[in-house]
Amino acid sequence: MAPKVSPRQLESMPADAETGTLLNKDAITLMGLKVTPVTGNVHFVFVFKIKDHGDPTAMTKEVANPDVLWKGIFRGTEGTGKAPPEIKKGITQLNFNAAVWKEFTDILSSKHCGFECQKRESIDGDEVLLTVTLSDPQALAELADFEGFR
């Protein structure tokens, strides 16, 4: 198990001496954990909890007001975000997260958005990461112009 460190210590903690940088390597060991690089440009990362090491039953607990929570996440723009049938009283946190994941990926990878979505697991296995990338050069240029970055 990796030693406990504060967030401030993490900012300045170097990679292990024998492995060095992630550049041109398949993996390095950082704080006793194997770290693999994310290839390519990633524009957004969404984190979905799948385990709670402090409370093993947390993900099997019922979500309070799942329909209200769903509407708080999805606004219904362009006809998206319609709650699937499983979003109702009694849904577990894990199943709610899975439904949100599906809706996110459906929206982001649709023809209207055109993002590429990939699934990655966190180092400690308690979260799944949804990485979102836009690789179309024309779309990138238009977005940069719209946001004032060019």
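Which elements do the buried residues of α3 pack against? They pack against β3 (44-49), α2 (66-73), β4 (116-121) and β5 (127-133). Keep that list handy as you go through the points below, and remember that this is a predicted model.

1. **The overall layout.** Start with the parts list. The protein chain has four helices and five strands. Reading from the N terminus, you meet them as α-β-β-β-α-α-β-β-α. Buried residues account for 25% of the 150 residues in the protein chain. As for how the chain comes together, take the contacts between residues at least 6 apart in sequence: 50% of those join residues at least 24 apart.

2. **The sheet.** Now find the open sheet, which three strands form in the order β3-β5-β4, with antiparallel pairing. Its edge strands are β3 and β4, and each of them pairs on one side only. From one strand to the next, the twist averages 25°. Helix α3 packs on this sheet and touches β3, β4 and β5, while its direction makes about 160° with that of β3.

3. **How the strands pair up.** Let's go through the two pairings in turn. β3 and β5 run antiparallel to each other over six bridges. To see a couple of these partners, look at Val45, whose bridge partner in β5 is Thr131, and at Val47, whose bridge partner in β5 is Leu129. On the other side, β4 and β5 also pair in the antiparallel sense, over six bridges. Here Cys117 stands opposite Val132 of β5.

4. **The hairpin.** β4 and β5 form a hairpin, and five residues sit between them. In the turn, have a look at Gly125, which has a positive phi of about 75°.

5. **Strand β5 and Val132.** Five of the seven residues of β5 are buried, so the strand is mostly covered. Val132 is a nice residue to click on in this strand. Is Val132 buried or exposed? Its relative accessibility is 0%, and buried means under 20%, so Val132 counts as buried. Leaving aside neighbours within four places in sequence, Val132 is in contact with Val42, His43, Phe44, Phe46, Leu108, Phe115, Glu116 and Cys117. Pick out Leu108 from that list: Val132 and Leu108 are 24 residues apart in sequence, yet 7.9 Å apart in space, C-alpha to C-alpha.

6. **Helix α3, end to end.** Here's a small check you can do yourself. Helix α3 covers residues 93-108, which makes 16 residues. At 1.5 Å a residue, the helix should span 22 Å, and its end C-alpha atoms are indeed 22 Å apart, so the two values agree.

7. **What α3 keeps inside.** The buried residues of α3 are Phe96, Asn97, Ala99, Val100, Trp101, Glu103, Phe104, Thr105, Ile107 and Leu108. A general point helps when you look at their spacing: an α-helix has 3.6 residues a turn, so residues three or four places apart point the same way. Thr105 makes a good example from this helix. With a relative accessible area of 15%, Thr105 falls under the 20% cut-off and is therefore buried. Once neighbours within four places in sequence are set aside, Thr105 is in contact with Cys117 and Leu130.

8. **α2 against α3.** How do these two helices sit together? α2 and α3 pack at an angle of about 30°, and their axes are 12 Å apart. Angles under 35 degrees count as roughly parallel, so α2 and α3 are roughly parallel to each other. The crossing of α2 and α3 is right-handed. On the α2 side, Pro66, Leu69, Trp70 and Ile73 make the contact, and on the α3 side Phe96, Ala99, Val100, Glu103 and Phe104 do.

9. **One backbone angle to check.** Most residues other than glycine have a negative phi. Asn65 is not a glycine, although it has a positive phi of about 50°. You'll find Asn65 in the loop between β3 and α2. Its relative accessible area is 52%, and exposed means over 50%, so Asn65 is exposed.

Terms used: Residues numbered from 1 in each chain as written. Predicted model: local features only at pLDDT ≥ 70, side-chain atom pairs only at ≥ 80, totals over all residues. Heavy atoms only, no water. Expected span 1.5 Å × (residues − 1). Buried < 20%, exposed > 50% of the residue type's maximum accessible area, 1.4 Å probe, protein only. Contact = heavy atoms within 4.5 Å. Pairing = 2+ DSSP bridges. Axes fitted to C-alpha atoms, helices over the stretch in contact; angles between N-to-C directions. Parallel < 35°, antiparallel > 145°, perpendicular 65-115°, else oblique. Left-handed = near helix turned anticlockwise from the far one by under 90°.
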